[in-house]
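Dear colleague,

I am passing on the structure we spoke of, and below it you will find my notes on its charged pairs and on one part of its surface. Please read them alongside the coordinates.

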Amino acid sequence: MTKRNISFSPPDITEKEIKEVIDTLESGWVTTGPKTKLFEQKIAEYLKVNRTACLSSATAAMELTLRILNIGPGDEVITTPYTYSATAAVVKHVGAKLIMVDLKEDSFEMDYEKLNDLITENTKAIMPVDIAGKMCDYNKIYEIVKNNKNKFKSKNYLQEKFNRIIVLADCAHAFGAERDNLNAGQVADFSCFSFHAVKNLTTAEGGAVAWKNIPGIEDDELYNKYMLHSLHGQSKDALSKTKRGSWEYDIVLPGHKYNMTDILASIGLMQLERYDYLLERRKKIIDYYNQKFKSEGIKVLDHFGDNHRSSGHLYLTRIPGITEKERNKIIELMSKKGISTNVHYKPLPMFTAYKNLGFHIDDYPNAYNTYKNEITLPLHTLLEDEDLEYITKSYINIVKKYI
């Protein structure tokens with residue numbers, strides 16, 4: 001086979017995105033404005049929710065959601081160690097206590113039985129992670145929340161409206177995913193999406209939050225809270241202030257700078273127009289990989305089933321029986337073939353920052369055992385059929401030496 005050069009996850013940008021950005025630049029309005037508001041509307045329509053708020057990242061969306069819910073010192077938030085640092089870091093940003101629950105054995109999802117055991121009267125939120133674009137079992141999560149309702153103690157009127165532990169989903173990978181005939185965005189109380197450069201739908205940098213209907217809380221009220229927190233607590237955004245005689249504003253709270261811009265939203269609008277095609281192409285690539293690997297002893301994440309459809313963000317594989325050192329050698333050999341691969345994820349307790357917080361990987365054996373033999377293959381819409389053939393043949397030939 002002739003050596004090829006295959007990137008891991010480049011953005012799929014076309015002339016449509018470029019022209020839309022040029023249109024924005026020529027309009028004279030480049031920060032948060034009409035195209036950001038239109039993008040929010042289009043995302044809400046796609047997700048089939050009433051409202052969304054666009055922000056600078058999924059990280060910003062998760063952090064602001066915790067702040068709006070007034071989750072902070074004295075509270076506990078439970079998530080998985082098998083995620084990117086952002087999921088856990090936002091809990092520390094707001095001053096809450098970070099609790100991690102191990103994965104279920106031989107799985108990428110948290111152990112729901114252990115989750116139940118970790119809930120206390122201080123637990124205010126659970127943050128599941130829809131890894132690789134496959135949604136978690138939210139039915140189980142809400143069952144656990146219901147079973148522990150008597151432990152919940154609200155701290156403010158918004159928490160009182162829920163009167164239970166709040167489910168705040170890290171849906172960074174899951175835009176366009178479905179489970180039990182519901183879209184990601186319709187299931188968790190709050191769902192935070194990423195539009196980073198490597199994501200299925202990109203705005204270069206950016207994110208959004210969607211939420212379910214909350215009895216007693218108007219969507220506009222919640223949306224305005226996100227806008228306040230994301231624009232320094234300023235009572236008017238820049239677009240409103242440009243109206244004649246409308247310079248006056250108030251600072252309602254000491255907020256953050258987490259807004260999306262119209263330049264970024266321009267990319268997103270065109271990506272969204274193409275998104276059905278992008279998802280279908282990802283599915284075809286996953287189907288091709290699955291077909292090639294099914295008899296090779298390579299374990300893969302189940303992206304599609306009777307009750308779920310993944311967004312197909314990452315192609316996670318596991319090589320049973322290999323060590324972390326052997327896994328790293330396979331990655332090196334794939335690199336020599338010109339194929340970029342990755343690992344999703346190195347568990348958080350293995351990083352210095354989380355070791356310093358008192359976390360130990362020995363307490364999360366299932367997360368470690370999943371990590372040590374995991375390799376993520378390229379999965380993006382710029383891959384050609386010849387690339388897929390080259391990747392699968394190379395991978396099978398290399399892995400055969402270790403199975």
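**Salt bridges and a surface patch**

A network of salt bridges links Arg 4, Glu 384 and Asp 387; please bear in mind that the model is a predicted one. Within this network, the side chains of Asp 387 and Arg 4 meet at 2.7 Å, N to O, and because Asp 387 lies in helix H15 (residues 385–399) while Arg 4 belongs to the segment before H1, the pair ties together parts that are 383 residues apart in sequence. The two partners can also be described by their accessibility: Asp 387 is buried, with a relative accessible area of 10%, whereas Arg 4, at 29%, counts as partly exposed.

The structure holds 23 salt bridges, and two others deserve a word here. Glu 20 and Lys 35 meet through their side chains at 3.0 Å, N to O, a pair that links helix H1 with helix H2 (residues 34–47) across 15 residues of sequence, and both Glu 20 and Lys 35 are buried. Asp 137 forms a salt bridge with Arg 179, their closest N and O atoms being 3.8 Å apart; since Asp 137 sits in the loop between strand S4 (123–127) and helix H6 (138–147), and Arg 179 in strand S6 (residues 178–179), this pair ties together parts that are 42 residues apart in sequence. Asp 137 and Arg 179 are both buried.

Turning to the surface, Ile 13, Ile 18 and Ile 22 make a nonpolar patch of about 230 Å². Of these, Ile 22 has its place in helix H1 (residues 15–27) and is partly exposed, with a relative accessible area of 39%.

With best regards

How values were computed: Residues numbered from 1 in each chain as written. Predicted model: local features only at pLDDT ≥ 70, side-chain atom pairs only at ≥ 80, totals over all residues. Heavy atoms only, no water. Patch = residues over 30% accessible without salt bridge, like charges linked within 9 Å, V, L, I, M, F, W, Y side chains within 5 Å. Areas by Shrake-Rupley, 256 points an atom, 1.4 Å probe, with all protein chains shown as cover. Salt bridge = Lys/Arg side-chain N within 4 Å of Asp/Glu carboxyl O. Helix = DSSP H or I, 4+ residues; strand = E, 2+ residues; numbered from the N terminus. Buried < 20%, exposed > 50% of the residue type's maximum accessible area, 1.4 Å probe, protein only.
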